Amino acid sequence: MALAPLRDPLVIESAELRLIELPLLHPFRIATGTMYRKVMPIVVLRGGGQEGYAEGVADVLPDYLPETIVSSMMMMREVFLPQMVGRAFANPHEIERLFRPWRDHQMAKAAVEMAFWDLWAKVQGLPLWQVLGGTRDQVEVGVSLGIKPIPDTLDDVRLHVAQGYRRIKLKVMPGHDLKLLDAVRAEFPDTHLTVDANCCYTLADLPVLRAMDGYGLDYIEQPLAWNDLHDHVRLQSLLATPLCLDECIRSLPDCRKALASDAGRVINIKVGRLGGHVVAKQVHDLCLAHDVPVWCGGMLEAGIGRAHNIHLCTLEQFSRPGDTSSSSRYFARDIVVEKLETSDGLMPIPANGAGIGVTMDWDFLETISTSVETIRP
Ligand code: OSB
Ligand code: MG
């Protein structure tokens, strides 16, 4: 990635760390639990006369990956932000290098690294997609539909197909899979369809997983354990449908090993899970070199995280529709002023100014903040 250094390194003058709570319009149920509201850290970095923003994507409980709101807030407050504030950085790679020795905590690293990208792009007066090296001006999106009774899911599929979404992803779990696929395929024989199991099957479920081969799915997302590439290798060898890895890919070496062992043939890139845009871009580049399709996953982000994701999707190898659908599907009111809405399954790149191209709705943010702290040199 050609990252022109600034003429003068960018000094991080201060950081603000907030926790906000945003109600979800509809509960979102996946195999591991149900989410009713989003609790999320917001990071603001100040320097060079600008502000850079990011959201953290950890959950309250360690139900997706081991990180939690508590652990990621602690790591940002005690470790990552104090290492940045008062110091100067020439580009985001220096942030990635600074945090690389510290094990795990990718979501906490990602939030501060992403805020730096936004700030760094703004100081240069450039949109984030351009400094990331993106090549498209709109991105194709699909939707991820949470677990509901089958008739309700059919209504959801009808609605989103009619809205032009380019792919429908159904959350599944043991006991809620083949009947659902029968019903959806009966009405939508040609729709791009995928399933996401969030790790809830094992190789003992092989008969069900084999049967999924019969539904013309684009891929099966993360059927097996979050830390088990080995079993995915075995499963992929027994299925015709490509496996897509989400939880299993938490670093560039994870992706290298997955591709080398054929543990999956599609990669879900989530910036938060990978520790930031630098690693997300490295995973993207590796997949590009191996001709493996990637797409951008989501964590029910509000407008700041969603805007970051949309900019990332402009990179060349994001050849499958992502989960970065309209903000109004999730929230009655978002934390940014601009509306992040799709039209015919296409999401425009936010472009209100440099960086992530959206404006924080500070008045609203204040009303939903449960804590605010400032980190100074
Ligand atoms: O596995 O992709 C996932 C949401 C929370 C945790 C994990 C996942 C998801 C989603 C939602 O699928 C995607 C979205 O943001 O709409
Ligand atoms: Mg997933």
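Helices (H or I, at least four residues) and strands (E, at least two) are DSSP runs, numbered from the N terminus. With that convention in hand, select V11, which is found in strand β1 (residues 10–11).

The model on display is predicted, so local features need pLDDT of at least 70 and side-chain atom pairs count only at pLDDT 80 or more, while totals for chains, interfaces and linings use all residues. Residues are numbered from 1 along each chain as its sequence is written, chains are lettered from A and ligands numbered from 1 in the order in which they are written, and side-chain values use heavy atoms, with hydrogens and water left out.

**First stop: strands β1 and β2**

Keep V11 selected. Its relative accessibility is 36%, and V11 therefore counts as partly exposed; the scale calls a residue buried under 20% relative accessible area, exposed over 50% and partly exposed in between (1.4 Å probe, protein chains only). Now show the residues in contact with V11, where contact means heavy atoms within 4.5 Å. Leaving out residues up to four places away in sequence, V11 touches R46, G47, G48, G86, R87 and A88. Add M84 to the view: V11 and M84 are 73 residues apart in sequence, yet their C-alpha atoms are 8.8 Å apart in space.

Move next to S14, in strand β2 (residues 14–30). S14 counts as buried, at 9% relative accessibility. Beyond residues up to four places away in sequence, S14 touches V44, L45, R46, V85, I375 and R376.

**Second stop: the two domains**

Colour the chain by its domain assignment, which gives domain 1 (10–125 + 362–375) and domain 2 (131–348). These bounds come from an automatic or database domain assignment. The C-alpha centres of domain 1 and domain 2 lie 23 Å apart. Across the boundary, 41 residues of domain 1 are in contact with 42 residues of domain 2. The size of an interface is often given as the accessible area lost when the parts come together. Here the two domains bury about 3,500 Å² between them, 72% of it on carbon and sulfur atoms; buried area is the accessible area (1.4 Å probe) that two parts lose on being put together, summed over both.

**Third stop: the nonpolar cores**

A nonpolar core is a set of buried Ala, Val, Leu, Ile, Met, Phe, Trp, Tyr and Cys residues joined through side-chain atoms within 4.5 Å. Select L45, M84, L170, I267 and I335, which have the most contacts inside the largest such core, a set of 116 residues. Helix α3 (residues 106–124) gives this core its largest share, 11 residues. At least three residues come from each of domain 1 and domain 2. Another core, of 6 residues, lies apart from it and includes A58, Y64, L65 and M107.

Within helix α3, pick L119. L119 is buried, with a relative accessible area of 0%. Its contacts, not counting residues up to four places away in sequence, are L10, I12, L45, R46, G47, Q50, E51 and G52. For a long view, add D254: L119 and D254 are 135 residues apart in sequence and 29 Å apart in space, C-alpha to C-alpha.

**Fourth stop: the magnesium ion**

Select ligand 2. Which residues coordinate the magnesium ion? They are D196 (OD), E221 (OE) and D246 (OD), at 2.1 to 2.3 Å. Their spacing in sequence is D-x24-E-x24-D. D196 lies in strand β9 (residues 193–196) and E221 in strand β10 (residues 220–221), so the pair ties together parts that are 25 residues apart in sequence. Both D196 and E221 are buried. Donors are N, O and S atoms within 2.8 Å of the metal (3.2 Å for Na, K and Ca); water is not among the atoms, so sites may look incomplete.

**Fifth stop: cysteines**

How many disulfides does a search of the whole structure find? The result is 0, a disulfide being a pair of cysteine sulfur atoms within 2.5 Å. Select C199: its sulfur is 6.7 Å from the closest cysteine sulfur, in C200, which is too far for a bond. C199 is buried, at 16% relative accessible area. For C313, the closest cysteine sulfur is in C296, at 4.0 Å, again too far for a bond. C313 is buried as well, at 4%.

**Last stop: two loop residues**

Finish with D104, in the loop between α2 (92–99) and α3. Its phi is near 55°, a positive value in a residue other than glycine. D344, in the loop between α12 (303–312) and β14 (346–348), also is not a glycine and has a positive phi of about 50°. D104 is partly exposed, with a relative accessible area of 43%, and D344 is partly exposed at 48%.
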